[in-house]
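Student: I've got a model open and I'd like to talk through the labels people put on it. Can we take them one by one?

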Amino acid sequence: MQASNLPTHVKKVVSAVTLCRTNAMKGRVYSCPNGHFSIFIRESCNNRSCPTCQSEIKENGILIQKKKFLILHIIILFLSYLLFCIHIFFPIIKNL
Ligand SMILES: [Zn+2]
């Protein structure tokens, strides 16, 4: 890799992607506050060309979009229910 004719920025990307979440990276221990279990997770490279890191970002983006659509569906259902109630009860209120 050092002797290749690749540009320096490409070498940096290749190095970051190949070392992502491997033993060469630092890690963090996440543990249960009650001490039931703990897990060690390696840090990621956060490089925009890394398929591992970008797939995590993409999944998070999809989850955010799903939450937005869910909220929109709830609002539409609530408004349609409100219109239905007005349609049903308005003649009754009008006759009082
Ligand atoms: Zn990565």
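Tutor: Sure, starting with burial: a residue is buried if 20 or more other C-beta atoms lie within 10 Å of its own, exposed if 12 or fewer, and partly exposed in between, with C-beta atoms placed from the backbone. Helices (H or I, at least four residues) and strands (E, at least two) are DSSP runs, numbered from the N terminus. One caution: this is a predicted model, where local features need pLDDT of at least 70 and side-chain atom pairs count only at pLDDT 80 or more, while totals for chains, interfaces and linings use all residues. Residue numbers start from 1 along each chain as its sequence is written.

Student: Then why is strand S2 said to lie largely in the open?

Tutor: S2 covers residues 38-42, and the number buried among those 5 residues is 0, so the strand lies largely in the open. S1 is hardly covered either, with a buried count of 0 among its 5 residues. Across the protein, buried residues make up 1% of the 96 residues.

Student: What makes S1 and S2 a pair?

Tutor: Two strands pair if DSSP finds at least two bridges between them. Strand S1 (residues 27-31) is joined to S2 by 5 bridges, and the two run antiparallel, so by that rule they pair. Ser31, for one, stands opposite Ser38 in S2. Between the strands of this hairpin there are 6 residues, and Gly35 takes a positive phi near 80°.

Student: Which residue of S2 is the bridge partner of Val29?

Tutor: That's Phe40. Val29 sits in strand S1, and its C-alpha is 4.4 Å from that of Phe40, although the two are 11 residues apart in sequence. As for contacts (C-beta atoms, placed from the backbone, within 7 Å), Val29 touches Ser38 and Phe40 once its neighbours within four places in sequence are left aside.

Student: Why does Val29 count as exposed?

Tutor: Val29 has 8 other C-beta atoms within 10 Å, so it falls in the exposed class.

Student: And what makes Arg21 partly exposed?

Tutor: Its count is 15 other C-beta atoms within 10 Å, so Arg21 goes in the class between buried and exposed. Arg21 is in the loop between H1 and S1, just after H1.

Student: What is notable about the phi of Arg21?

Tutor: Phi there is near 60°, a positive value in a residue other than glycine. Most residues other than glycine have a negative phi. Asn46 also has a positive phi, about 60°, without being a glycine. The loop between S2 and H2 holds Asn46, and with 12 C-beta neighbours inside 10 Å it counts as exposed.

Student: How do you know that H1 has the span expected of a helix?

Tutor: The expected span is 1.5 Å times one less than the number of residues. Helix H1 (residues 8-19) has 12 residues and reaches 17 Å from its first C-alpha to its last, close to the expected 16 Å.

Student: What about H2: are Gly61 and Leu77 buried or exposed?

Tutor: Leu77 is in helix H2 (residues 51-95), and Gly61 lies in H2 as well. Leu77 has 10 C-beta neighbours inside 10 Å, so it counts as exposed. Gly61 has 10 too, so exposed is the label there. For a sense of distance, the C-alpha atoms of Gly61 and His87 are separated by 39 Å, with their positions 26 residues apart along the chain. Leu77 and Asn34 are 42 Å apart, C-alpha to C-alpha, and 43 residues apart in sequence.

Student: How does the radius of gyration of the protein stand against that of a compact globule?

Tutor: The radius is taken over C-alpha atoms, and the globule rule is 2.2 Å times the number of residues to the power 0.38. For 96 residues a compact globule would come out near 12 Å, but the protein has 27 Å. Its C-alpha atoms fill a box of roughly 90 × 45 × 10 Å along the principal axes.

Student: Where do the domains begin and end?

Tutor: The bounds come from an automatic or database domain assignment, which gives domain 1 (1-47) and domain 2 (50-96). Their C-alpha centres lie 39 Å apart.

Student: And what pattern does the protein follow along the sequence?

Tutor: It reads α-β-β-α, from 2 helices and 2 strands.

How values were computed: Contact = placed C-beta atoms within 7 Å.
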